[in-house]
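Please consider the sequence and coordinates shown below. The discussion then proceeds from the interior to the charged and aromatic contacts.

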Amino acid sequence: MVDLNPQDELARERNHLAADRTLLSFLRSSLTLVSLGVGVDQMVRAIAPAGHPVDVWAHGVSLALIALGVVNLGLATQDYRREMGRLRAPVYRYSPRWSLAASTSLVVLAIGGGTLVWLGVKLWW
């Protein structure tokens, strides 16, 4: 028989709720990335003629944002399921992990920076 400590059970419940909130925040961020990708594509298609270099680049950027949103949601779901498995284990062991938020931020910065560099090259040269 396992002796249940009320403090341990409260800590597990707190961690469970924190994992739920984290998953929901990543869901919101993923939907924002997908919406931004669709919005960029639709906006540029309305302004630039088909086949124009800006149209081609914007289509690539929008696809990258949509793919990033889908991958981000998949990784967040995988992380949530892993955390729930660890919380269900008889003994909870902390293990440090990589930051999905930091990774996503770096990729968004890379996409934005690449877009700014490309636009700078096209507009000034």
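The paragraphs that follow treat the nonpolar core, two small buried residues, a surface patch, the salt bridges and an aromatic pair.

The model is predicted, and local features are described where pLDDT is at least 70. The interior is a suitable place to begin. In soluble globular proteins, nonpolar side chains tend to be buried together. Here the largest nonpolar core consists of 5 residues, namely L33, V61, L65, L68 and I111. Helix 2, which spans residues 53-88, contributes the most to this core, with 3 residues. L65 illustrates how such a residue is surrounded: once residues up to four places away in sequence are set aside, L65 touches L33, V34, L36, G37 and I111. Two of these partners, L33 and I111, are themselves members of the core.

Helix 2 also carries small residues that are hidden from the probe. G69 lies in this helix. Its relative accessible area is 1%, and because buried means under 20%, G69 belongs to the buried class. Apart from neighbours within four places in sequence, G69 is in contact with S30, L33 and V34. The separation between the C-alpha atoms of G69 and L36 is 9.6 Å, although the two residues stand 33 residues apart along the chain. S62 is likewise placed in helix 2, and S62 counts as buried at 1% relative accessibility. With neighbours within four places left aside, the contacts of S62 include G37 and D41. G37 is thus a contact of S62 and is also touched by L65.

Nonpolar side chains are found on the outside as well. L24, L27 and L31 form a nonpolar patch on the surface, and together they have about 280 Å² of accessible area. L24 is found in helix 1, which covers residues 6-47. With a relative accessibility of 54%, L24 counts as exposed, because the exposed class requires a value over 50%.

Attention now turns to charged side chains. Side chains of opposite charge can pair when their charged atoms come close. The structure holds 5 salt bridges. In one of them, the side chains of D79 and R97 meet with an N to O distance of 3.1 Å. D79 belongs to helix 2, whereas R97 lies in the loop between helix 2 and helix 3 (100-124), so this pair ties together parts that are 18 residues apart in sequence. Both partners are partly exposed: D79 has a relative accessibility of 23%, and R97 has a relative accessible area of 45%.

Which residues does E83 meet in salt bridges? One partner is R86, at 3.2 Å from N to O. E83 and R86 both lie in helix 2 and are 3 residues apart, about one turn of the helix. This pair is set in buried surroundings by the accessibility criterion, since E83 has a relative accessible area of 8% and R86 one of 16%. The other partner is R97, with the closest N and O atoms 3.2 Å apart. E83 is in helix 2 and R97 in the loop between helix 2 and helix 3, so the contact ties together parts that are 14 residues apart in sequence. Through shared partners, salt bridges join D79, R82, E83, R86 and R97 into one network.

The last feature concerns aromatic rings. A pair of aromatic rings is described by the distance of the centres and the angle of the planes. The count comes to 1 aromatic pair. W57 and W118 form this pair, with 5.1 Å from centre to centre and 5° between the planes. The arrangement is classed as stacked, because planes under 30 degrees apart meet that condition. The pair links distant parts of the chain, as W57 is in helix 2 and W118 in helix 3, 61 residues apart. Are the two rings' residues buried or exposed, or partly exposed? W57 counts as partly exposed at 32% relative accessibility, whereas W118 is buried, with a relative accessible area of 17%.

Conventions. Residues numbered from 1 in each chain as written. Predicted model: local features only at pLDDT ≥ 70, side-chain atom pairs only at ≥ 80, totals over all residues. Heavy atoms only, no water. Core = buried A, V, L, I, M, F, W, Y, C linked by side-chain atoms within 4.5 Å. Buried < 20%, exposed > 50% of the residue type's maximum accessible area, 1.4 Å probe, protein only. Helix = DSSP H or I, 4+ residues; strand = E, 2+ residues; numbered from the N terminus. Contact = heavy atoms within 4.5 Å. Patch = residues over 30% accessible without salt bridge, like charges linked within 9 Å, V, L, I, M, F, W, Y side chains within 5 Å. Areas by Shrake-Rupley, 256 points an atom, 1.4 Å probe, with all protein chains shown as cover. Salt bridge = Lys/Arg side-chain N within 4 Å of Asp/Glu carboxyl O. Phe/Tyr/Trp six-rings, centres within 6.5 Å; stacked < 30°, edge-to-face > 60°.
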